[in-house]
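Student: Please give me a close look at the packing of helices in this model, pair by pair. I would also like the individual residues and backbone angles to be treated with the same care.

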Amino acid sequence: MTLDPGTEALARLAEERVDHRFKGLPPDAEGLTVGRLAAQRRNLFSDGFATPVLALSAERLEHNLALMETYTERHGLAFAPHGKTSMAPQLFRRQVERGAWGITLAVPHQVRVARAFGTRRVFLANELVDAPALRWIAGELERDADFRFICYVDSVRGVELMDAALKGASRPVDVVVELAAGEGARTGVRTEAECAAIADAVAGTGTLRLVGVAGYEGEVPRADPDRVRAYLRRLVALAADFDKAGRFAGLTEIVVSAGGSAWFDAVADVFAGIPELSLPVLKLLRSGAYVSHDDGHYHEITPFNRVPEEGALEPAFRLWAQVVSRPSPEQAFANAGKRDAAYDLHLPFARVIRRDGAERPATGVEVTGLSDQHTWLRTTSEADLEVGDWIGLGLSHPCTSFDKWQLIPVAEADGTVVDYIRTFF
């Protein structure tokens, strides 16, 4: 049976050889294929893994994938999770298998990675004005009739640059006008009048096709539920105004897209009230951090805190380090640092201690700083911590956790490693 190229590319990941490129893996696994190492089902704690090592919980990963599949189905949303979080094609495939419409990405390199592993629908949450990248996209659209690509436009100048780069392309590139989340927000068009001017510019090209509107509510200044919903209602109204003006003639659907990881409950509520338009509406949510969730930033801001009846995401990451110095009763140091742990939003959190195969809460242990290769630990009289202990750290911000590790073990609750996730940053 012949596999499609994307499936073949994913299968080849198992043929990659384990070597010095991959942190934390057992030294005696050198030269094994990743597939062979996975088949050995080694234990993370007793079968040769070296600290520091980042692991994903197999059970929690599956829980998070299933929860967002159920959530989006319940609310009538299509789902294009942001792939920049993990840049892991194996997870892209699992997300699509769990009902995702496609994958959201941010820059051309990420699109190339997704396409190399068979992703057929890409939403680029950025205006793309790089001429070589646009010509490559045009080539992909010509080569593969099943490839769907959508990107932002947020300026007439951007439309002009895109049009110039795409002259002669056989298929138009689908675009959505990005409505800014407010004055002082990140990208996007500030006024509805400017949005109309950009839509006019798109209509004047033969290389671009306007298919909808989009934005990112996570950039609403001084965001609160009222301000976020007000912005999302502006976005919906813009789509309705464009539709009334006949800007979507000839399409089969209208795209309305929003949704990061902090306010997707507001997106679900407002998108549920989208009025009947001339065509079906693809209500496209783009939240990405859910796949691993975290112990810090997203634990604090997840919408499931506001709607607990809808379920709860679970932090799937744990960074394991080893205590290498205990210079005083109030201080200890572990062998993971900025090269290994996310630290842009919060420092890691001391969660558990392992010694002689037994695991217990990290009572009396607090992370107070990170050096390049050390975790600074403050310890109280309650702390039972010795040189050689393993310490399990919770992390904050998935996007800057995945990008420090090229090959991440996926471990079951008892430590059995059942898979390895390859990242491409």
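Tutor: The answer below begins with helix pairs and then turns to single residues and backbone geometry.

This is a predicted model, in which local features need pLDDT of at least 70 and side-chain atom pairs count only at pLDDT 80 or more, whereas totals for chains, interfaces and linings use all residues. Residues are numbered from 1 along each chain as its sequence is written, and side-chain values use heavy atoms, with hydrogens and water left out. Helices (H or I, at least four residues) and strands (E, at least two) are DSSP runs, numbered from the N terminus.

Helix H5, residues 108-116, and helix H6, residues 131-143, have axes that come within 10 Å and cross at roughly 25°; the axes are lines fitted to C-alpha atoms, for helices over the stretch in contact, and the angles run from 0 to 180 degrees between N-to-C directions. H5 is therefore roughly parallel to H6, on a scale where angles under 35 degrees count as roughly parallel, over 145 as roughly antiparallel, 65 to 115 as roughly perpendicular and the rest as oblique. The crossing of H5 past H6 is left-handed, a label given if the near helix is turned anticlockwise from the far one by less than a right angle, with right-handed used if clockwise. H5 contributes Pro108, Val111, Arg112 and Arg115 to the contact, and H6 contributes Ala133, Trp136, Ile137, Glu140 and Arg143, where contact means heavy atoms within 4.5 Å. Sorted by class, the contact of H5 with H6 has 5 nonpolar, no polar and 4 charged residues; here Ala, Val, Leu, Ile, Met, Phe, Trp, Tyr, Cys and Pro count as nonpolar, Asp, Glu, Lys and Arg as charged, and the others, Gly among them, as polar.

Within H6, Glu140 deserves a closer look. Glu140 is buried, with a relative accessible area of 9% (buried means under 20% relative accessible area, exposed over 50%, partly exposed in between, with a 1.4 Å probe and protein chains only). The Glu140 side chain makes a polar contact with the side chain of Arg143 at 2.8 Å, a polar contact being a pair of N or O atoms within 3.5 Å, where within protein one must be able to donate a hydrogen and the other to accept it, and residues adjacent in sequence count only if both atoms are side-chain atoms. Apart from its neighbours within four places in sequence, Glu140 is in contact with Arg115 and Phe147.

A further pair is formed by helix H8, residues 192-203, and helix H9, residues 225-244, which pack at an angle of about 45° with their axes 11 Å apart. H8 and H9 are therefore oblique to each other, and H8 passes H9 in a right-handed crossing. Glu192, Cys195, Ala196 and Ala199 of H8 meet Arg234, Leu238 and Phe242 of H9, which gives 5 nonpolar, no polar and 2 charged residues by class.

Helix H4, residues 89-97, has Pro89, Gln90, Leu91, Phe92 and Gln95 buried. These buried residues pack against several elements, including H5, helix H1 (5-13) and helix H3 (58-74). After H4 comes Gly99, with a positive phi near 100°.

Away from the helices, Asn43 lies in the loop between helix H2 (34-39) and strand S1 (53-57), and at 16% relative accessibility Asn43 counts as buried. The side chain of Asn43 reaches the backbone nitrogen of Ser46 at 3.3 Å, and a polar atom of that side chain lies 2.9 Å from the backbone oxygen of Asp414. Pro52 lies in the loop between H2 and S1, and a cis peptide bond joins Thr51 and Pro52, with omega about -5°.

Most residues other than glycine have a negative phi, and most peptide bonds are trans. Arg222, in the loop between S7 and H9, has a positive phi near 50° and counts as exposed at 62% relative accessibility. His397 has a positive phi of about 85° although it is not a glycine; His397 sits in the loop between strand S16 (390-394) and H12 and, at 13% relative accessibility, counts as buried.
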